[in-house]
Amino acid sequence: MRQTISSAADVKKMIEAGRKLLLAGDEEVLRQLPKGDWIAGTIPYFISGDQGGMVSRELICTTDITDLVTSIEIIAYDQNSLARVYTEGPKNGFSFIVIPAMSKTHLSFALNAPNYKDFGIRPLIGWIAGVHLSDLGKKTPKVLDGITGDVLEEGALVLQAQLPEGKVAEIGIVNLFEQGDGDILTFTADDFAAKDVMVNGEKRNFAAYIVKNKLDTKLPLVADYYGALVNISFQDVDEVEGLVKFYAPVFSGIRYKHAKPVIDYVKEFNDRLSKECSIESARVAFSCNCILNYLYSELEGKKTDPFTGPVTFGEIAYQLLNQTLVYLEIMDV
């Protein structure tokens, strides 16, 4: 694992030494850094190797990929040009993407990524930048380009990394949520919000349905994409307006179910890793976890070995995900 929680002074030394870095931190501390080979998103929440979940406005989560790659290039996209992100990814390597939360580009990527040309052909991993929760409505999430010094609250930054021959990048997802035994829910439009839902084929107001059935909105909706489970997290249920908002879009034609409860996140996380995963920590180049897992599972002070990294407003493993942990492995071939 090459992810560390570092002081701004130490990160500055790494940049000046020519290291190639993926960074996460509060906006003010990131703005103090000199230009160099780095890309960053704003967030003050991390999972560290020694303290577990933590929050800091002074420290920076640092992923050093210098020794893994042969070259990097940083490209800025907008909500329209981002459709090229899969096509333009390196043929032998990976693309690392950071997008500010609630920007037009975030919304466009969430809705449209699976329809972009060459979707999923080349590895794309990353996360959605955020802010300290006490700053919601006061500050905007941002992404920073270390080479140009640009600070963006609209658009996306992508670091394209070339790997040496004999190496390959693979993306993994840890999702503890499974579909429950309840109703089958479907929607008539692709959107971040819904008034109506089809419950086992019968049209209902979704907000009223949630209230009547006392659904725990800390648990996501879960879709089964041919064996791959994808979460859609609840943002808000407005019973007066009859409107339900999500952190990722629901899609028409997809069958969703409310998730089974996860009682003890860390215990079930460790059980899942021991039963299903064969992960060598030395191969893990990057990982990040969802802010909703951090909050709902009370991860502050708790470790998720071998994974550290930023706690994010959304994870990207080819497409936008919610309430997951995603990771990048660099493996020999």
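In this predicted model, Phe 246 comes out as buried, with a relative accessibility of just 2%. Anything under 20% counts as buried, so Phe 234, at 3%, falls into that class too. The rings of these two residues pair up: their centres sit 5.9 Å apart and the planes meet at 45 degrees, which makes the pair tilted. Phe 234 belongs to strand β20 and Phe 246 to strand β21 (residues 243–250), so this pair links distant parts of the chain, twelve residues apart.

Phe 234 has another partner as well. The whole structure holds 14 aromatic pairs, and one of them joins Phe 206 and Phe 234, with ring centres 6.2 Å apart and planes at 45 degrees, so this pair is tilted. Here the chain is tied together across 28 residues of sequence, because Phe 206 lies in helix α4 (residues 206–213) while Phe 234 lies in strand β20 (residues 234–238). Phe 206 is buried, its relative accessible area being 0%. Put together, Phe 206, Phe 234 and Phe 246 are part of one aromatic cluster, which also takes in Phe 187, Tyr 209 and Tyr 256.

Now for the start of the chain. Gln 3 sits in strand β1 (residues 3–6) and, at 8% relative accessibility, is buried. What does the side chain of Gln 3 reach at 3.1 Å? One answer is the backbone nitrogen of Ser 287; a polar contact of 3.1 Å also joins the Gln 3 side chain to that of Thr 63. Leaving aside residues up to four places away in sequence, Gln 3 touches a set of residues that includes Cys 61, Thr 62, Ala 285, Phe 286, Thr 308, Gly 309 and Pro 310.

Helix α1 (residues 8–16) has Ala 8, Val 11, Met 14 and Ile 15 as its buried residues. Looking down the axis of α1, these residues fall within an arc of 120 degrees, so they line one face of the helix. The spacing fits a familiar rule: an α-helix has 3.6 residues a turn, so residues three or four places apart point the same way. Lys 13 and Glu 16, on the other side of α1, are exposed. The cover over the buried residues of α1 includes strand β1, where Gln 3 is found, along with β2 (21–25), α2 (27–30), β3 (38–42) and β6 (60–64). After α1 comes Gly 18, which has a positive phi, near 85 degrees.

Note on methods. Residues are numbered from 1 along each chain as its sequence is written. This is a predicted model: local features need pLDDT of at least 70, side-chain atom pairs count only at pLDDT 80 or more; totals for chains, interfaces and linings use all residues. Side-chain values use heavy atoms; hydrogens and water are left out. Helices (H or I, at least four residues) and strands (E, at least two) are DSSP runs, numbered from the N terminus. Buried means under 20% relative accessible area, exposed over 50%, partly exposed in between (1.4 Å probe, protein chains only). A polar contact is a pair of N or O atoms within 3.5 Å; within protein, one must be able to donate a hydrogen and the other to accept it, and residues adjacent in sequence count only if both atoms are side-chain atoms. Contact means heavy atoms within 4.5 Å. The arc is that of the directions from the helix axis to the C-beta atoms. Rings of Phe, Tyr and Trp (its six-membered ring) pair if their centres lie within 6.5 Å; planes under 30 degrees apart count as stacked, over 60 as edge-to-face and the rest as tilted.
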